Amino acid sequence: MTSVTSACRSFHATLATRRGAYRMLNQSHPSSQALTGTILVADDQPANRELLDELLTSQGFKVISVPDGTSALLELTRTQVDLVLMDVMMPDLSGFEVCEKIKANPDTYLIPVILITALSDKQDRLEGIKVGADDFLSRPVDRTELLARARSLMKLKLRTDELERAESVLFTLARSIEGKDPYTHGHCERLAEYSARLGEHIGLSGDQIVALRRAGVVHDVGKIAVPDAILLKPSRLTEEEWSLIYEHPVVGERICEPLKSFRLVLPIIRHHHEKFNGSGYPDKLRGASIPITARVLQIVDVYDALTTDRPYKHAFSITDALQTMKQEVAKGWWDAQIFDQFERLVRSGTADFLSQGTSAGR
């Protein structure tokens, strides 16, 4: 237990240090000076582009100007942009169409978009909201209003980037833990994919599916508090060693807790080793009291463990793995309805991705 507590304290101390350093940085630099970045301006009128370029450059921003929507989308594939300022009325692709494409792309959807228009019609504003625009400006553009709105959205983007970096650190940590064991290579990515596919198959919400993808990667991050000698031990574990293993879901939850975006991920991390009959850990939850996302992840986690080589066994064939899981369902370990949907997905022939970790002909 001491190693569990010390590992958590060390991790959170690092996060606290970084947050403190960032607060000091903000306090020592006024926001108007600190908030710089790259702004993409898209407008088919050269005079408008020149005006915005001059105004924003004078405030310390780097500005990239393009004459149309197609060029804007191309620029976003090769340049890291912090904000898009875009005219609505452009040839080829309108500002609405470009904004919709930006927000539909996982690589760009977090970039804030301000639409600039001479139109004051309410319907145009509603259309902008519909395609995901973050803000609007009317022509002629007021200099003070433009800078205030740009800085506000840039500040939000800065916080979002911080969050993404924190998530990246967690994902790297989780993969480094997985990398210690050659038998679990690719386990995180497979679980992220398997659980998301199963979640979609049973009709979970988009937010729940995103949470499953994240949890697939970080569900075992709490194993950082478990010594390698225990994680990689080829023989039976002692009671004391098992007690450390039993703690890893709780440790994982504590490590990920500071990230507000992980609100739906935390219950999956904590409860992915519960069993439907209440014999699991750490809280001995039963039945529907186990979050449905955790029930989904544990089904695919077991399947992946069965269909990959481990120190204590060879990989099962898909048929043998499903048969073993049926027996465990009969014991009351897993949700029978979710397992039934999982088996249908596997046997439907539409889930070839599930053979990534197994030799089906073994």
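**Exercise 1. What does the accessible surface of the protein come to, and what percentage of it belongs to carbon and sulfur atoms?**

Solution. Keep in mind that we're working with a predicted model.
- Start with the total: the accessible surface is about 18400 Å².
- Then split it by atom type: carbon and sulfur atoms hold 53% of that surface.
- For the residue view, buried residues make up 48% of the 362 residues.
- Finish with contacts: among those with a separation of 6 or more, 64% link residues 24 or more positions apart.

**Exercise 2. Work out the strand order of the sheet, and find its edges.**

Solution.
- Count the elements in the protein: 15 helices and five strands.
- Lay the strands side by side, and you get an open sheet of five with the order 2-1-3-4-5 and parallel pairing.
- The ends of that order are the edge strands, strand 2 (62-66) and strand 5 (135-138), each pairing on one side only.
- On average, neighbouring strands here are turned by 20° against each other, if you ignore direction.
- As a reminder, strands of a sheet pair through backbone hydrogen bonds, parallel or antiparallel.

**Exercise 3. Pick out the register of two strand pairs, using one residue pair for each.**

Solution.
- Take strand 1 and strand 2: they pair in the parallel sense over five bridges.
- Within that pair, L40 has I64 of strand 2 as its bridge partner.
- Now go to strand 3 (residues 83-87) and strand 4 (residues 113-117), which are parallel too and share four bridges.
- There, M86 stands opposite L115 in strand 4.

**Exercise 4. Is strand 1 buried or exposed, and which residues sit on each side?**

Solution.
- Check residue by residue, counting as buried anything under 20% relative accessible area. Five of the five residues of strand 1 pass, so the strand is largely enclosed by the rest of the structure.
- Next, sort the side chains, remembering that in a regular strand they alternate between the two faces of the sheet.
- One side of strand 1 carries T38, L40 and A42, the other I39 and V41, and both faces are covered.
- Now look at a helix that packs here: helix 4 (residues 69-76) lies across strand 1 (38-42), strand 2 and strand 3. Its direction is about 160° to strand 1.

**Exercise 5. Show why the buried residues of helix 14 line one face, and say what they pack against.**

Solution.
- Check the geometry: helix 14 (residues 318-330) has 13 residues and reaches 18 Å from first C-alpha to last, close to the 18 Å expected at 1.5 Å a residue.
- List its buried residues: I318, A321, L322, T324, M325, E328 and V329.
- Look down the helix axis: these buried residues fall within an arc of 160°, so they line one face of helix 14.
- Their packing partners are helix 13 (292-306) and helix 15 (336-347).
- Past the end of helix 14 comes G332, with a positive phi near 90°.

**Exercise 6. Compare the spans of helix 13 and helix 9 with what their residue counts predict.**

Solution.
- Helix 13 first: its 15 residues reach 22 Å between the end C-alpha atoms, close to the 21 Å expected.
- As for burial, 14 of the 15 residues of helix 13 are buried, so this helix is largely enclosed by the rest of the structure.
- Helix 9 (residues 206-218) has 13 residues, which should span 18 Å at 1.5 Å a residue; its end C-alpha atoms are 19 Å apart, which agrees.
- The buried residues of helix 9 include I209, A211, L212 and V218.

**Exercise 7. Hunt through the loops: where are the cis peptide bonds and the positive phi values of D92 and K284?**

Solution.
- One cis bond joins R139 and P140, with omega about -5°. P140 belongs to the loop between strand 5 and helix 7 (143-179).
- Another cis bond joins Y281 and P282, with omega about 10°. You'll find P282 in the loop between helix 12 (266-271) and helix 13.
- K284 is also in the loop between helix 12 and helix 13. Its phi is positive, about 55°, although K284 is not a glycine.
- D92 is another non-glycine with positive phi, near 70°, and its loop runs between strand 3 and helix 5 (95-104).
- To judge exposure, the cut-off is over 50% relative accessible area. D92, at 61%, is exposed, and K284, at 54%, counts as exposed too.

How values were computed: Residues numbered from 1 in each chain as written. Predicted model: local features only at pLDDT ≥ 70, side-chain atom pairs only at ≥ 80, totals over all residues. Heavy atoms only, no water. Pairing = 2+ DSSP bridges. Axes fitted to C-alpha atoms, helices over the stretch in contact; angles between N-to-C directions. Contact = heavy atoms within 4.5 Å. Expected span 1.5 Å × (residues − 1). Buried < 20%, exposed > 50% of the residue type's maximum accessible area, 1.4 Å probe, protein only. Arc of directions from axis to C-beta. Areas by Shrake-Rupley, 256 points an atom, 1.4 Å probe, with all protein chains shown as cover.
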